Structure formats: C-alpha cells, structure tokens
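The following exercises are to be worked through with the sequence and the structure in view. Each task is followed by a solution in steps.

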Amino acid sequence: NPVRARVANLGWATHPITRNAPGCDPHARCILGSPPGAKRSTNESYVPRALERGAQLATRARAQRVIVEGGRALGVLAKTSGGATLTVKARATVLAGGALMTPLLLLEQGIANGSGMVGRNLSVHPAVPILARFGHAIAMQERVPQGLAIEELAGEGVMIEESGNPPEVIAVALPLAGA
C-alpha cells in the first residue's frame, strides 16, 4: 500500500480503529447509513426495543420543557412541526437531545443541576479535511470510513484518521473545484 509505505517512511504506524459495529460490511457506505444495521444507530438499537416494550414514538416534535411535579420529572411538553402542543407523561422521563440540546433544556428550567456541572466540560471532535489527488486509483469508498488511524501526534492533541467516503460525499466538500 503506497500510503502506508509513505507513513512508514516518517516512522509512523497506522492501526485499525476499534469499531463497535458487529456485522459491518466493509464495502458499505456507512456515512449514508449502514445497510446491515451494524452502526448501532438509535433507529437500529434503542428505538425498536423501546417500541417492542410499549413506548410511543413522536417524530418532528421539539421538547420545550420538562414537566416537573414534586421534584420529579413526569414527562415533557413539546411542539410539533405543525405548531401543535404535545404533552407526554410517563413513569420514566429520559432526555436524549444530545450533548448540546439536553443541557440547554435543563439549564433553561434550572433543573437537574445540583452538581453545577450541566453544560460543562463538553468535548467535541473537530475535524479538518485534507484532500489530495493521487496518480493512481484509490478506491477508499470500498473500505470502512475512519478505518485507520495514526496516533504519533496524539500527545499534541492531533489524531489523524483516514476517511474513505463515497465520491458523491467528497464532491460536496469540493463544490467549486474540478471540471
């Protein structure tokens, strides 16, 4: 592999990135969804299991506030994309709005922050793409995206990962280049 040879010339080593994707098809287009369902996204893991156990799923609704009575979360008040108000009451309330929206909802209401840590210590994974033209074919889209890493610069906070995306995804990153 010419890329591995050049990396080796620098004294660096590549290694496979550990993936939690049993049953992964390395020729799948993971960035566009996992045909075998190996990515373990919520639509493949938590949602079907919750529905099997009697959960109800509301789509295109945005949680506006947590319904709290007697110091206990009893549900959420939401707005649908059509503007209707949706009230959901449940024995257990789980907020899963992600690392940004869940803390915002909690902080707006001043709840669940006895530790003072809600919304603190967020760590994100910024990425800078580096694209190149090679003199030979590299069919990166035929392998798992983010399948290899180089960690020689990890002590400086830099992780180098290859990202073999399908050509149509890479094309979006280059809207003003090429013929």
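**Exercise 1.** Determine whether Pro 36 is buried, partly exposed or exposed, and describe its surroundings in this predicted model.

*Solution.*
Step 1. The relative accessible area of Pro 36 is 44%. Partly exposed residues fall between the limits of 20% and 50%, so Pro 36 is partly exposed.
Step 2. Along the chain, Pro 36 belongs to the loop that runs between strand E1 (14-16) and helix H2 (46-52).
Step 3. Leaving aside residues up to four places away in sequence, the contacts of Pro 36 are Gly 23 and Asp 25.
Step 4. Val 7 is 29 residues from Pro 36 along the chain, and the C-alpha atoms of the two are separated by 32 Å.

**Exercise 2.** Assign Thr 102 and Val 124 to their places in the chain, and decide whether each is buried or exposed.

*Solution.*
Step 1. Thr 102 is in helix H3, whereas Val 124 is in the loop between helix H3 (98-109) and strand E5 (148-150).
Step 2. Thr 102 has a relative accessible area of 15%. A residue under 20% is buried, and therefore Thr 102 is classed as buried.
Step 3. For Val 124 the relative accessibility is 60%. Exposed means over 50%, so Val 124 counts as exposed.
Step 4. Thr 102 touches Leu 95, Ala 96 and Gly 97, when residues up to four places away in sequence are not counted.
Step 5. Val 124 takes part in a nonpolar surface patch of about 480 Å², together with Leu 100, Met 101, Leu 104 and Leu 122.

**Exercise 3.** Describe the second largest pocket: how much space lies in it, and which element gives the most to its lining?

*Solution.*
Step 1. The space in the second largest pocket amounts to about 1,500 Å³.
Step 2. Its lining consists of 34 residues, of which Gln 56, Val 76, Val 94, Leu 95 and Ala 96 are the closest to the centre.
Step 3. Two or more lining residues come from each of H2, strand E2 (61-69), strand E3 (72-80), strand E4 (85-89) and H3.
Step 4. The element that gives the most is H3, with five residues.
Step 5. Two of the residues closest to the centre, Leu 95 and Ala 96, are also among the contacts of Thr 102.

**Exercise 4.** State what is notable about the phi angles of Arg 60 and Ala 112, and locate both residues.

*Solution.*
Step 1. Most residues other than glycine have a negative phi.
Step 2. Arg 60 is not a glycine, yet its phi is positive, at about 55 degrees. Ala 112, also not a glycine, has a positive phi of about 55 degrees.
Step 3. Arg 60 lies in the loop between H2 and E2, and Ala 112 in the loop between H3 and E5.
Step 4. Arg 60 is exposed, at a relative accessible area of 66%; Ala 112 is exposed too, at 61%.

**Exercise 5.** How many salt bridges does a search of the whole structure find, and which parts of the chain does the pair tie together?

*Solution.*
Step 1. The search finds one salt bridge.
Step 2. Glu 69 and Lys 89 form it, with their closest N and O atoms 4.0 Å apart.
Step 3. Because Glu 69 belongs to strand E2 and Lys 89 to strand E4, the pair ties together parts that are 20 residues apart in sequence.
Step 4. Glu 69 is partly exposed, with a relative accessible area of 43%, whereas Lys 89 is exposed, with a value of 56%.

Key:
Residues are numbered from 1 along each chain as its sequence is written. This is a predicted model: local features need pLDDT of at least 70, side-chain atom pairs count only at pLDDT 80 or more; totals for chains, interfaces and linings use all residues. Side-chain values use heavy atoms; hydrogens and water are left out. Helices (H or I, at least four residues) and strands (E, at least two) are DSSP runs, numbered from the N terminus. Buried means under 20% relative accessible area, exposed over 50%, partly exposed in between (1.4 Å probe, protein chains only). Contact means heavy atoms within 4.5 Å. Patches are made of residues with over 30% relative accessible area and no salt bridge: like charges are joined within 9 Å, nonpolar side chains (Val, Leu, Ile, Met, Phe, Trp, Tyr) within 5 Å. Accessible areas come from the Shrake-Rupley method with a 1.4 Å probe; for residues, only the protein chains shown count as cover. A salt bridge is a side-chain nitrogen of Lys or Arg within 4 Å of a carboxyl oxygen of Asp or Glu. On a 1 Å grid over the protein atoms alone, a cavity is a set of points where a 1.4 Å probe fits but cannot get out, and a pocket is an open set with protein on both sides within 12 Å along at least five of seven lines; lining residues have an atom within 4 Å of a point. Grid points are joined across faces, edges and corners, and a volume is the space filled by probe spheres set on the points.
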